[in-house]
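The following exercises concern helix packing and residue burial. Each task is followed by a solution in steps.

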Amino acid sequence: MSVVLVIIIIAALAALGFAALNYKSIKSMDEGTERMSEIAQAIRIGADAFMKYEYKILIVVAILVAVALGVFVSWYTGVCFIIGTLMSGAAGWVGMKAATHANVRVANTARLTKKMGETLKVAFKGGSVMGLSVGGFALLGIFIVYLVFGKALGQLNIENATTLYKNWMGVEFVPFTMSLSGYALGCSVIALFNRIGGGIYTKAADMGADLVGKTEAGIPEDDPRNPATIADNVGDNVGDVAGLGSDLLESFVGSISAASILGVHLFLSNSNIGTELLEKLLYYPMIFAACGLLSCVLGIASLLSRKNLSDNPHRELNGATWVSAGLTMVIGLVLTLVLLKDVPAESFKEIGFALGAVSPWVGAALGIISGILIGFIAEYYTSYDYAPTKKVAAASKEGSALTITQGMAVGMISCMAPLIVLGVALYVSYLVGGMFGVAMAGAGMLSFVSATVSVDTYGPISDNAGGIAEMSKLDPEVREITDTLDSVGNTTAAIGKGFAIGSAAFAALSLMISFLYSFNDPTTPLQLNLMDPLTLVGALVGAALPYMFSGLLIEAVAKAARKMVDEVRRQFKEKPGILAGTDTPDYKTCIEISSKGALAEMKLPSMLAIVVPLGTGFLLGPWFVGGLLIGATVSAIMLAIFTGNVGGSWDNGKKYIESGAIEGEGKGTDAHAAAVVGDTVGDPLKDTVGPSLDILIKIMSNVSLIAVALFNKYNVLAWIESLIK
């Protein structure tokens with residue numbers, strides 16, 4: 001298996017090398033006018049300052065969690081947790097830095113060329129740094145875990161990989177699965193903080209800028225007279241870039257680790273599988289991910305290497321994604337046949353591989369196909385090229401109430417089709433490859449994550465470019481180009497969120513099976529009886545938890561936005577010269593308000609994901625937590641799809657009116673004001689709540705998997721029952 005590790009490190013280094021090359025290329029480009037450089041520098045300083053503040057808090061949290069894992073589980077679980085935090089944190093930081101340099105270059109390219117294709121290429125190149133860093137750092141961390149803990153410390157030796165280790169508290173577990181779980185949890189914690197902190201920051205600034213600037217003062221979006229406009233652009237980078245990157249890296253790692261961990265537990269439940277197949281199952285998810293990363297390098301290069309791109313951003317971006325996905329399937333099939341060719345047919349039957357060696361590949365292919373289909377569905381419900389968003393825009397002519405009502409209808413209706421796709425993919429992958437096939441469907445869906453993140457990240461970069469163009473008073477044609485790219489970015493963002501929540505569903509189910517194996521006799525059939533009162537109550541509480549989590553996030557955004565609104569109003573009142581253009585707004589205070597608000601408000605919702613499964617586990621035991629995980633997963637999937645699609649539809653409905661597509665309507669009209677209200681309502685839903693929900697359920701699953709051996713042995717309910725008996 002040393003050859004497999006070589007392929008993995010080659011893929012990781014190729015992605016990181018390509019990212020470095022694109023980063024250098026971006027920085028070598030001209031920033032444009034002096035005014036453009038000043039604005040870009042202000043955005044850069046604000047983003048750097050927030051990320052440094054946030055990472056200082058994260059360092060403390062990471063150390064505390066790592067120490068707890070080291071004391072109560074094992075030292076190597078704590079070390080792997082730290083490795084996960086470092087990889088996820090590095091990806092978010094590098095992607096944010098690239099975006100803050102790319103935004104002004106995108107605006108300048110549009111200024112100089114007036115060409116959509118050329119501007120798109122620069123924005124996508126900036127986004128590719130984030131995308132390639134996600135895949136590269138994720139696989140680099142997994143490579144370190146496999147090499148150091150798996151190989152050097154012998155955790156992947158068949159004897160160690162199939163033997164339960166007992167720690168000082170008498171808790172039993174398989175060492176390598178704990179190492180992988182620790183790494184995945186480290187990635188998840190950083191992702192949650194980046195998503196929540198960045199999401200609160202960006203939406204507080206965005207809502208403050210829109211509600212006072214656009215709605216009350218009637219000035220254009222990103223107008224330099226708006227004191228919150230720099231904070232708004234900073235938020236795009238810390239929330240929609242750094243938060244996005246950490247989120248998808250966590251999803252990528254979670255799906256890979258879930259499949260590998262499941263392979264070990266499947267072997268423990270059925271020793272007839274054979275040690276040869278077990279060894280290959282431990283490596284298979286990682287080698288498939290490496291295939292996907294190499295395919296993404298080629299797919300991204302296929303767009304960036306072309307001299308002339310069309311004026312259709314959708315087509316160009318979809319082309320890069322399809323090339324990446326197609327190559328992943330082809331290369332993955334070849335490596336699957338090579339890796340599994342010598343395994344006896346009897347072993348395949350024991351693990352539920354109905355199609356022999358190609359079974360796990362079919363599961364992964366189903367994940368890829370379902371991910372693309374979910375992307376198409378998200379595009380249909382959020383793009384103003386299609387009827388649903390056009391209806392939302394048309395409803396704005398009747399006022400903000402109907403805008404919100406129509407948008408909610410679109411969001412709710414949009415939940416059914418993706419769930420049907422997920423359900424079919426889940427069931428067929430199970431028929432073909434058993435539970436391992438389901439796990440590989442999740443890994444397959446994110447196997448070309450570098451391409452999807454690159455496409456997704458290009459959106460906030462384009463949004464920032466539009467802000468810089470507006471504040472620099474460039475030709476209106478420049479803003480038209482960036483607005484078109486930004487509108488496509490809203491749709492690609494909804495697609496990216498669909499991939500994240502879809503893969504979370506597969507990964508959560510895989511982790512649930514591993515969770516059940518962790519405290520039950522592995523040789524007996526595993527069932528989670530929802531008719532058991534304790535489990536049913538757990539499911540009900542779990543179903544309510546995403547709503548509580550979402551409510552806390554929305555309230556946090558509202559609190560921070562309220563302070564921003566008050567500050568913008570104060571400046572307009574005390575300095576009338578701001579709106580007249582004779583006085584300069586105080587941008588710094590608005591940036592500080594968003595930073596302090598985000599850092600203060602993110603703590604409680606962030607802790608829920610860790611505290612709830614641990615607290616209920618030590619109180620009520622593993623069966624309650626099993627129900628909790630099922631309820632939370634089902635509830636969070638629906639809520640994430642709804643919030644992502646409804647927010648995207650409101651945002652693009654506003655842009656549809658601004659484009660002049662509705663006769664007699666445009667910027668400054670009552671319909672536009674109503675659409676702005678709808679967009680503002682959707683901001684915390686699509687950019688704070690929705691993206692955080694997939695992380696919530698995966699953190700809960702990982703925490704539960706790590707701690708179940710503890711709270712199965714030590715919980716209050718079991719102690720009370722022992723006293724009664």
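**Exercise 1. Determine which residues Lys-97 touches, and whether Lys-97 counts as buried or exposed.**

Solution. The model is a predicted one. Leaving aside residues up to four places away in sequence, Lys-97 touches Tyr-23 and Asp-48. Lys-97 itself is found in helix α3, which spans residues 75-113. The relative accessibility of Lys-97 is 19%. Buried means under 20%, so Lys-97 counts as buried.

**Exercise 2. Describe how the axes of α12 and α21 are arranged, and state the handedness of their crossing.**

Solution. Two packed helices are described by the angle and the distance between their axes. The axes of α12 (residues 387-395) and α21 (residues 622-658) come within 8 Å. They cross at roughly 65 degrees. Angles of 65 to 115 degrees count as roughly perpendicular, and α12 and α21 are therefore roughly perpendicular to each other. Their crossing is right-handed.

**Exercise 3. Identify the residues through which α12 and α21 meet, and classify them.**

Solution. On the α12 side, the contact involves Pro-388, Thr-389, Lys-390, Val-392 and Ala-393. Their partners in α21 are Ser-649, Trp-650, Asn-652, Gly-653, Tyr-656 and Ile-657. The residues of this contact comprise six nonpolar, four polar and one charged.

**Exercise 4. Establish which residues of α12 are buried, how they are placed around the axis, and what covers them.**

Solution. The buried residues of α12 are Pro-388, Thr-389, Val-392, Ala-393 and Ala-395. Viewed down the axis of α12, these buried residues fall within an arc of 165 degrees, so they line one face of the helix. Their cover includes α11 (359-382), α13 (400-413) and α21.

Definitions and conventions
Residues are numbered from 1 along each chain as its sequence is written. This is a predicted model: local features need pLDDT of at least 70, side-chain atom pairs count only at pLDDT 80 or more; totals for chains, interfaces and linings use all residues. Side-chain values use heavy atoms; hydrogens and water are left out. Axes are lines fitted to C-alpha atoms, for helices over the stretch in contact, and angles run from 0 to 180 degrees between N-to-C directions. Helices (H or I, at least four residues) and strands (E, at least two) are DSSP runs, numbered from the N terminus. Angles under 35 degrees count as roughly parallel, over 145 as roughly antiparallel, 65 to 115 as roughly perpendicular and the rest as oblique. A crossing is left-handed if the near helix is turned anticlockwise from the far one by less than a right angle, and right-handed if clockwise. Contact means heavy atoms within 4.5 Å. Ala, Val, Leu, Ile, Met, Phe, Trp, Tyr, Cys and Pro count as nonpolar, Asp, Glu, Lys and Arg as charged, and the others, Gly among them, as polar. Buried means under 20% relative accessible area, exposed over 50%, partly exposed in between (1.4 Å probe, protein chains only). The arc is that of the directions from the helix axis to the C-beta atoms.
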